[in-house]
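Subject: the structure I promised you

Hi,

Here is the structure I said I would pass on. Have a look at it first, and then read my notes below.

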Amino acid sequence: MFLPLHDGVPLQHMKTPVVARSLIVACILVHLVFVFGPLSQDEMVGGLGLIPAVLFGFERLPEGYPFVPVWMTLLTNIFLHGSWFHLIGNMLFLWVFGDNVEDAMGHLRFLAFFVLCGVTASFVHAVASFTIVGAGTPESFMLPTPQRPLIGASGGVAGVVAAYVILYPRVRIWALFLGGIPLRLPAYWAIGFWLAVQLASAILGSDERVGWFAHLGGFIAGAILIPLMRHRYDPVLARAAAQELQTPR
């Protein structure tokens, strides 16, 4: 529905967004192991993915699974992706938006921000998976089942998207819409469209294979955290002030 391509916002406080690029590299390396490694994809998902029923103790996996303490799957699932398209989509969002959000926070704060958004998104998905919208609702309108694993960086990325639109609401970004239409729109229009799709899909239960509630949970976490974790300056106001100073009177 929406893939960002380029925003053109220069970095103001760092030369390289080390953390954002490192997260991209880490996700790519994990996916290579996921696809070509000695373990099957089912074993990787069982070992590192988040299964809500297991997280809350209602079910148990075979001995040796997960590979980490069960609570850590709230984090480890972020680095797994089900397909190359899943991976590339998330990494495009992180590539386009992550550098400017990291620039507004600094390296360590951005890493903490991404982790907090990702873990919050995972937990929101896990809680939502035990909820059914209304009594007697058709099965197609049920929320994700507690037995279905959650994988992917979408929740953490959604937090980055929320931070970006708060920091740079009027910046025009190039993106592909509705399957490949290139448009250059203000961030608040493009991301508003993306958010509307997430809300509608979560309410209608359009595809239980997608963690819609993880996306929403990550977005809300990012919106709450960005005022607390960014530097004390306001990038938007600072840029506007600089432009005003350069304007002849």
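A quick word on terms before the layout: helices here are DSSP runs of H or I with at least four residues, strands are E runs of at least two, and both are numbered from the N terminus. With that in hand, the order of elements from the N terminus is β-α-α-α-α-α-α-α-β-β-α-α-α, which comes to ten helices and three strands. Please keep in mind that this is a predicted model.

On confidence: the chain has a mean pLDDT of 87, with 86% of its residues at 70 or more. Two stretches stay under 50. One is residues 133-142, where the model has seven contacts beyond four places in sequence. The other is residues 244-249, with one such contact. I would read both with that in mind.

As for the overall packing, 45% of the 249 residues count as buried. Among contacts with a separation of 6 or more, 76% are between residues 24 or more positions apart.

Now the pocket. The largest one holds about 1,000 Å³ of space and has 44 lining residues; His86, Asn90, Ser154, Val210 and His215 are the ones nearest its centre. Which elements build the wall? Strand E1 (2-6), H5, helix H6 (107-128), helix H7 (154-167), helix H8 (187-204) and helix H9 (212-229) each give at least two residues to the lining. H7 has the largest share, with six residues. By type, the lining splits into 23 nonpolar, 18 polar and three charged residues.

There are also two cavities of 30 Å³ or more. The second largest has a volume of about 40 Å³, and its lining is made up of Gly46, Gly49, Ile51, Val54, Leu55, Leu61, Pro66, Val70 and Thr73. Six of these residues are nonpolar, three are polar and none is charged.

A few of those lining residues deserve a second look. Pro66 sits in the loop between helix H3 (52-55) and H4, and the peptide bond joining tyrosine 65 to proline 66 is cis, with omega at about -15°. Thr73 belongs to helix H4. Is threonine 73 buried or exposed? Its relative accessibility is 2%, so threonine 73 counts as buried. Beyond its neighbours within four places in sequence, threonine 73 touches Leu48, Gly49, Leu50, Pro66 and Val68. Gly46, another of the lining residues, is one of the buried residues of helix H2 (41-48), along with Met44, Val45, Gly47 and Leu48. The cover over the buried part of H2 includes helix H1 (18-36) and helix H4 (73-76).

Next, phenylalanine 79, in the loop between H4 and helix H5 (84-105). Phenylalanine 79 has a relative accessible area of 22%, and buried means under 20%, so this residue counts as partly exposed. Leaving out neighbours within four places in sequence, phenylalanine 79 is in contact with Leu23, Ala26, Cys27 and Val30. Phenylalanine 79 also lies 9.8 Å from serine 154, C-alpha to C-alpha, although 75 residues separate the two in sequence. Ser154 is, as noted above, among the residues nearest the centre of the largest pocket.

Aspartate 7 is the other loop residue I wanted to flag; its place is between E1 and H1. Why does aspartate 7 count as buried? Its relative accessible area is 12%, and the cut-off for buried is under 20%. Apart from neighbours within four places in sequence, the contacts of aspartate 7 are Val96, Asn100, Tyr164, Val171, Arg172 and Ile173. Its C-alpha is 9.6 Å from that of proline 186, which is 179 residues away along the chain.

Last, the cysteines. How many disulfides are there? The count is zero. Cysteine 27, which is one of the contacts of phenylalanine 79, is buried at 2% relative accessibility. Cysteine 117 is buried too, with a relative accessible area of 0%.

That is what I have for now.

Cheers

Key. Residues are numbered from 1 along each chain as its sequence is written. This is a predicted model: local features need pLDDT of at least 70, side-chain atom pairs count only at pLDDT 80 or more; totals for chains, interfaces and linings use all residues. Side-chain values use heavy atoms; hydrogens and water are left out. Buried means under 20% relative accessible area, exposed over 50%, partly exposed in between (1.4 Å probe, protein chains only). Contact means heavy atoms within 4.5 Å. On a 1 Å grid over the protein atoms alone, a cavity is a set of points where a 1.4 Å probe fits but cannot get out, and a pocket is an open set with protein on both sides within 12 Å along at least five of seven lines; lining residues have an atom within 4 Å of a point. Grid points are joined across faces, edges and corners, and a volume is the space filled by probe spheres set on the points. Ala, Val, Leu, Ile, Met, Phe, Trp, Tyr, Cys and Pro count as nonpolar, Asp, Glu, Lys and Arg as charged, and the others, Gly among them, as polar. pLDDT is the predictor's confidence in each residue, from 0 to 100. A disulfide is a pair of cysteine sulfur atoms within 2.5 Å.
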